[in-house]
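Hi,

Here is the structure I said I'd pass on. Have a look at it first, and my notes follow below.

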Amino acid sequence: MQKKVIVIIGAGVAGLSAGIYAEQHGFHAVLLEKNPSVGGMCTGWYRNGYYIDGCVHWLTGTKEGTYLNEMWKNLDVFKGQDDLLYLPSWGSYEYQGQKVTLWADTYRAEKEWKELSPVDSKMIHKFFKMVRDFTTIELPLDLPLSLIPIHRKLKLGFDVLKVWPSYLRTMSMSCEEFANKFKSPVIRFALNKCQPGEGNLFSMLYSYATIVNGDGGVPRGGSKPMVERMKDKFINLGGTLKLNANVESIIIEKDTAKGVILSNGENIRGDAVVSCLDVNYTLKKLLRDQYRLPSFEKRFKNPKLNVSPSCVLLSFSVREDSNISTPYSFDVEPFDVGGISINHITVRNYSYDKTFTRNGRTVMTVLIDQSTKEYPFWRELAKEKEAYHAYKNNIGKAVKERIEKHFAILKDDIELLDIATPHTLNRYVNTSNGVYMSFFFLKKGGMYAHSGLLKGLKNFYLSGQWLQGPGGLPIAMTQGKFAIQRICKKEKLSFAFSPSLKKKKA
């Protein structure tokens, strides 16, 4: 029988995941990517001979025996523990000469923090107890919410009930509110800076808990090799990949998606269309604003309330033997970026992975927080090319000076390699407001999830990290799979969770 064709727009992690699962379940997938390489936001690039990673700091799902672990292995992101690296901490934070570290060993961290600030002992214990509480919860990311069987929902409810006080307290509290309960200035600094941008306490604790739980390793080589392995698996399964294939619009006949039209005029027909792009871009650009999704439109129309994270990412080369732990955050003389005052710098030293080293030197990056609220500044600045590049250079100079001042070993021995901005992100992956993840969990925004289906449009599926907050690589990967699960359900086909877990069926 002739295979049904699924046209997938966007070869990021969601698109590659959808493509692989489509091929594994009897469909033929045509994967379209506007750039000359796959990966989308999960990418890396070279400058002056150095490899710069633009995405992975840690990957949730590296712990053996978890659902996410099996899914990542099914996609060839890694084969086993030998393909992963584990860092000893989630970062060190220095403020006014004092330092604390979020060790993966929480008992070590708790002991050190209490020795530093005995007056905060009770709050310190409460903090690390909540972190340990969240290591016991595995979110059900193997199935869409609508397809989770009742016994799994009951088990999840029981697991959450065991840590309910921590869960309830943290979902309605910001990191800043929690940090202010401590007397120690350096602890307040650490708890405010360990999570980029805004967000609630739950998301910060859950992220730290993955490191504590051994579920937050880093694939060797970082982002680029990771997505290249996914690409190779997709092609080896028989999938068709078209690079430099920019989708201009979606073909719709009688309220049914029939394929896409590329910028060069080529028509690619299919039995279903999956868009793994920014939801706002898909609705406004590809679907010509013909189909409404009020829940998302409301969020996109109010970017100050529904905040998403963006950044300025600076990359440097430094001595491999500089012995700067990673990540390492410290307070600095304030400077302006995107109209907001920046009073700290977090450096990430990649000497732990030889992929990033060259001739005794390695890559060090600095991620400066920006968000949807600052994007109008970057959008206007980018219209004047010379002013845009001059502004970037000034940021590079300001950051370099502050790093050299703080780390004497780097004085006159640090080279600026590259600067990426929110405008870069928008240009590269068509992401609204130049952001790299979906909406933060904020007090008023709350958690959300969407089925990816549009009322009134058949055979069309939204996918990607925007469909479930707060986004990120695991959400992108699972949402790509979810799209194929929904198509299988529509076609009345069984869906195997993964080849290594054939007994688990959707």
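**Strand 12 and its neighbours**

Ser249 has its bridge partner in strand 12, namely Ile261. Before you read too much into any of this, keep in mind that the model is predicted.

That pair belongs to a bigger arrangement: strand 11 (residues 247-253) runs antiparallel to strand 12, and six bridges join them. The two strands make a hairpin with two residues between them. If you look at the turn, you'll find Lys254 there with a positive phi of about 55°.

Now follow the chain onwards. Strand 12 is also joined to strand 13 (residues 267-269), again antiparallel, by three bridges. Here Ile261 turns up once more, standing opposite Asn267 in strand 13. So you can trace Ile261 to Ser249 in one direction and to Asn267 in the other. Strands 12 and 13 form a hairpin too, with four residues between the strands, and in that hairpin Gly265 takes a positive phi near 95°.

Is strand 12 largely enclosed or open? Five of the seven residues in strand 12 (residues 256-262) are buried, so the rest of the structure largely encloses this strand.

**One more spot: His25**

Elsewhere, have a look at the loop between helix 1 (13-24) and strand 2 (28-32), which is where His25 is found. His25 has a relative accessible area of 14%, so it counts as buried, the cut-off being under 20%. What does His25 touch? Leaving aside residues up to four places away in sequence, His25 touches Cys488, Leu493, Ser494, Phe495 and Ala496.

Cheers

Definitions and conventions
Residues are numbered from 1 along each chain as its sequence is written. This is a predicted model: local features need pLDDT of at least 70, side-chain atom pairs count only at pLDDT 80 or more; totals for chains, interfaces and linings use all residues. Side-chain values use heavy atoms; hydrogens and water are left out. Buried means under 20% relative accessible area, exposed over 50%, partly exposed in between (1.4 Å probe, protein chains only). Two strands pair if DSSP finds at least two bridges between them. Contact means heavy atoms within 4.5 Å.
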